[in-house]
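Colleague: I should like to know how the terms applied to this model are justified. Please set each value against its definition.

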Amino acid sequence: MRRLLSLYAVALLCAGGPRAWAEAPDSPLFSRHVVAVFSKLGCNAGTCHGAVQGKGGLRLSLFGAQPLADHAALVREHGGRRIDLLEVDRSLLLLKATAKVPHGGGKRTSAGSLEYDILRNWIAATAPADDIEKSRLTKLEVTPREQEAKSGASYPLKVQATFADGTSEDVTPLATFSSLDAGVASVDAAGQVAAQGVGDAAIIVRFRAEPVMSQVIVAREGSPSVAAPEPQNFIDEHILAKLRRLNIPPSELADDATFLRRARLDVTGQLPTPDEVRKFLADADPQKRTKKIDQLLSEPGYAALWTLKFCDLLNASDFGVYADGLAEHFEAPRFQAWIRARLAENTPYDELAARILTATSRDGRSLEDWAKEVVALQEGYTSPRTDLEIYARRQTLDAYWQRKEAVGVHGALQIAHSFLGLRLECAQCHRHPHDVWQQDDLLSFANFFMGVRTVGFQGENEKRYPEEHALFKQYEGEGKKLTEEAKQLKEGKGKELAEKAKTARDEANRLKNEIRRDEEKPETQAAAAEKRTQLASLEQTIAEHDAVQKEIREKEQRGRMLSDDVPKRILHAQILHRLRDDKSKRQASVTSPLGTQSSDKFRLLGESQPLEMAEGEDPRRKVIEWLRRPDNPLFARAIVNRVWAHYFGRGIVDPPDDLSPYNPATHPEMLDELCQRFIDNRYDLLWLHRTILTSRTYQQTSIASAESEMDRANYAFFYPRRLPAEVLLDALDQATLTREDLDMQYYHWPKGMRTVEVPYLPRNNFIVFMLEQFGRPPRNSSAQCDCARQVDSSLLQVLSFANHPRVREKIADPGGRVAQLIKENQDAPERIRELYLATLGRVPDDAELAACQQYVGEAASPEEGLRGVLWSLLNTKEFVLQH
Amino acid sequence: MNLGCNSFRQHHRRDFLRIGGASLCGVSLLEMLRARSQAAGAAAPKAKQMIVCWMAGGPPHTDMFDMKPDSPSDYRGEFKPIASKLPGLDVCELLPKLAELADKYTIIRSITTMNNPGDHARAPMYWLTGNPRLPSGTAEYPMYGSAAAKFKPGPAELPTFAVLGKIDHHINNSIAGSFLGPAFNPFIFDPNEKKDDIAKMLSPQMELPAFTKQADLLKALDSRLRRQDGVDPLIAGLDAYQQTAFDMLRSPKLREAVDLSKEDEKTIARYKDKHLDKYRYPSGDPLHFLMARRLIEAGVPIVHFSLGYWDWHGENFVAVRQQFPMFDSGLSALLTDLEERGLLDTTIVLALGEMGRKPKCGTEKNAGRDHWDYAQFVLAAGGGFKRGCIVGATDKLGEQVTDNFYKVESFGRTLYHLLGIDPDTQVQTLSSRPIKLIAEDAPLVKEALA
């Protein structure tokens, strides 16, 4: 009966008013209707005639952006054969569209269809051009904007367009429709929505190039399940409310062991130790989870893990152009050290952004003071690297601007991506097809960063920066002097001593042997004593030689540094903001196959009015002011959403770097509230982490129920995800109680560095192979995308964990986990329990214990057996996944 | 009614995982069915497999398959042409075995990058993907084998795309990854290298019964998240990959394919004929020809290897004398063996580099040939390429293409066409831009097609 009623309701909806345009208008307008037909049929898409070179000889503007050009192409080119005014139906345009003559794009429509008739009627009316301005779209609306529907139900969308001349038309038949989640609701070409599965989905409607959005919500059928759990904070209130609306029951809280492993991995990138698990399980304090969260957030692992995230996001190892004195092995670890210091002291996020985005090399100091810092940094490139501490103390991160492609339009793209959660690459060449951005938005935003000096050798730098050039000369002179001194020393005293030392060494060796012999007999003791005196004098000669050699080496090294790296950095790599001395040269501009575009305005993204810039002002400060405005729509959202995505494997807006109005949030009110409170808490990142971690939503089990298993975006349970490459490798080290030698002593990397701390790819082949297989991002400008870190799984990943010789070696390591257990633990089941704690962070159940014991019992030796158990545990999904 | 951009974001991330994970090599059942039904409709593709012998650096075309004996002495070099089995094709006197087989392959003389781009960093990326891929700043277009792994995967217990040694001498393996995702990256290994961990990884590190026993224990222990199996695409995907991985390890196919001890000494000698102990330039491993043949026999769809370095700026003719006979033996042994086994008709065999060499080389004793990317050669046999054919021509000095010029895009499209992969297949870059497997439209090299 209920079903019948709902069908009836749907029928009523369908009958809601006559559909516009049962027939095509008699005199369709080219820019309003015909171009819309091209969009609808896909003719002007980038892979068809909208391509830069067109297709099959016909080129249309991408998405119909330039109707006039399109009109000319159709009417004038190709000897006018595309349009036949006398025999309309013989027009190539119609014959191609219906594939009556061979068409690379196949059959797009058929004679008698509405689209066909619009094209035909337009040709019949002599294929006129029309006044484009009159048909400029001023408003596009879709109804219903939001609809609750039952699974299986169906309803139509209606699309109304208002044009600049004040007219309004129902353009439903010329719109295209697509669903962002076809599993929840699909939509057909006519705009009929069909609810499929439980959840909510956005339907994107497009007329010409304009998008507009409609939402559909499909609740689970069946009676509401048991009483809803208590929310632990406001996050849970939003999540539970939405689940209630969808009639999906939330999962239980995860058990303590699962919570501990999950939180420790997510916050510090480490596995809990067996002791930590035991202690946590035994703790009876009802507040123990919250206390654990606070403890984890105060550990160095937190800063290390988020340094990795930020360095990914900021492409922190893309250094070194010709003769700027910069290099990955100097800069990448410094960049990292600076970020890590800020995270460790929990610098408010807005301040962090400001100190990155407005960075200058001098940090407000004199040139001489900064130059001293440059020298100190280069001197500190030694074991251990003392430069890292010096760099971390800097006020601003000039290394951000010293990276390749950090300035200009490409720099603006990166800033939009990293700090605003936007991907604007499309807008470099044309209007962004899935977002609101135009080319001019990007270019006007890029102008804020055009004045930042680009690092690298420029001949004109000598003239442009005379003070720096003077310093360049001074340091170069000092360096050369040292090099010369070293040379003199080497050829003079060094050479002289080298000969002496050589004879002295031979002599000393001979004496040492004699002394040993002499000392054995009482009668030669006196001779021995005398020889010892001689020996001492020889050793002094040798020491003198060594000291001179050391002095030579140091002079050479310092000479090289002062004559090369230091002056180059001072002259060619200082980050500063240049005044707009040559206006035309400093304009943001892009040249693409579609033409050259430029802007001379300073306009912030989403703002309609350009800003005036005072003479001598660094426009980057205006950007920071705008980011810090409480009503900034993107700045807080981008970071809040990314932190959320870190903990849940998907953003509230997902993908997290697509904060487009056409990519709706699953929980918009929650996102707003999180952002607002984050701002109210002075952009306190630790507050944000703590708030998310203490929610029951984060602490739910990953086990779904039959009623919730279809959920993908509403957090009815905790979604499992693969551990990131670096975390997984560290977990492998921890579980096997081994540590990979990264083989980077030559570059002064400290011993025992964890993989999450790696600033760039090390020389250890196993680590490099695994990092690449498990999707470490390249940290360069090839892809400015959160997806540069690959999260999916592959055959090679599974195979390498199961069968890489190095993994096997780690399991069998003589100082490793199994060896230690054999030595320290005599109880067979206890050994297996320890292996479980060390890998999965929990104790085995009876069946698991029995299976392991049987395996160990049948093995050739207890070692063999335990290695097999450890191998198995490392290859379980429970180990590889966060769950 | 599928519009270029309309498929944008139709799935959310976890659906992508499902597509990436639910089946053996990252192709969902749906995609596979679609691919099959397409294949059923269209004419069956000629090529099932492909071997790419990559001659990194740029082999000297005017010393090999495009000789110009009538050009001045500072051009023509030290060697004389000999007639081949194909009337009209004269090849270098140091390639006698390939001359005998000239009725089996096509020589294309009219595809070049036209110096755009023209260096060892960028030109290989263009040739090996058929797209304007650069070291950074462009979309990461896939290599042909990666596209095959996605759209035409081979048997489950074998890798679809195997690289022996490395992809290229100069850029190494930096184009292994693509926007198709890591699941479609090549398996890069070298079974001839004793220390190669990846090669070792392809067979179990212990006796098979012990391995099976371990795998059984793993199965027994790996049940905690099992309640999610049917539900979660990530977990189902991992299970499927693990199954495939273990099948691969248990299957003797791959292990035996890379085990050259299964070949008799005469065969190995044929492939290694004229192989020297020392070369002026890195020579590559002629046994990769043999290994490639064995992998093709086992059923691996795409095999690629980099045969040494052909960037002979100095002592070109010294290098020719050393390297041609080795190349001649290896490639002719491969072509002969494939033919004998009836595999040549369904296997494309390519030998090419990223450019040609400068025809003008001077007359000094140790003359070299510098870069030249306005003319080069491609040797293409089998899998639907014509038997005994010359496509295109260069001028009398061998400097410029005079006939049937084709862009690299045409070459890429021709390979996909023969492999039964539609080069217009729409894929997405990491920035969600819809593009085609070969982005630019270009005609097939139809003169080369059988």
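Colleague: Which residue follows α10(A), and what is the sign of its phi?

Modeller: Helix α10(A) is followed by A:Asn315, with a positive phi near 45 degrees. The model is predicted, with local features requiring pLDDT of at least 70 and side-chain atom pairs counting only at pLDDT 80 or more, whereas totals for chains, interfaces and linings use all residues. Residues are numbered from 1 along each chain as its sequence is written, chains are lettered from A and ligands numbered from 1 in the order in which they are written.

Colleague: How do you know that the end-to-end distance of α10(A) agrees with the expected span?

Modeller: A helix is a DSSP run of H or I of at least four residues, a strand a run of E of at least two, both numbered from the N terminus. The expected span is 1.5 Å times one less than the number of residues. The 14 residues of α10(A), 300-313, should therefore span 20 Å, and the end C-alpha atoms are 20 Å apart, in agreement.

Colleague: What makes α10(A) mostly covered?

Modeller: A residue is buried if 20 or more other C-beta atoms, placed from the backbone, lie within 10 Å of its own, exposed if 12 or fewer do, and partly exposed in between. In α10(A), 11 of the 14 residues are buried, including A:Trp306, A:Phe310 and A:Cys311. The buried residues of this helix pack against α7, α9, α11, α16 and α26 of chain A. Across chain A, 47% of the 883 residues count as buried.

Colleague: Why is B:His170 called partly exposed?

Modeller: B:His170 has 17 C-beta neighbours inside 10 Å and therefore counts as partly exposed. This residue lies in the loop between β5 and β6 of chain B. Contact requires C-beta atoms, placed from the backbone, within 7 Å. Leaving aside neighbours within four places in sequence, B:His170 is in contact with B:Ala56, B:His120, B:Ala121 and B:Pro124. B:Ala56 is 114 residues away in sequence, yet 7.4 Å away in space, C-alpha to C-alpha.

Colleague: Why are β2 and β6 of chain A called edge strands?

Modeller: Strands pair if DSSP finds at least two bridges between them. The open sheet of 4 strands has the order β2-β10-β9-β6 with mixed pairing, and β2 (146-149) and β6 (176-179) each pair on one side only. β2(A) and β10(A) share 4 bridges in the parallel sense, with A:Glu148 opposite A:Ile217.

Colleague: What makes a set of residues a nonpolar core?

Modeller: The set must consist of buried Ala, Val, Leu, Ile, Met, Phe, Trp, Tyr and Cys residues joined through C-beta atoms within 7 Å. The largest core has 363 residues, of which A:Ile203, B:Leu350 and B:Leu379 touch the most other members. Helix α13(B), residues 316-340, gives the most to this core, with 10 residues. A second, separate core of 6 residues includes A:Ala501 and A:Leu535. In soluble globular proteins, nonpolar side chains tend to be buried together.

Colleague: How many residues of chain B are in contact with chain A, and which classes do they belong to?

Modeller: On chain B, 59 residues are in contact with 68 residues of chain A. Helix α9(B) gives the most to that side of chain B, with 9 residues. By class, the side comprises 26 nonpolar, 20 polar and 13 charged residues. Here Ala, Val, Leu, Ile, Met, Phe, Trp, Tyr, Cys and Pro count as nonpolar, Asp, Glu, Lys and Arg as charged, and the others, Gly among them, as polar.

Terms used: Contact = placed C-beta atoms within 7 Å.
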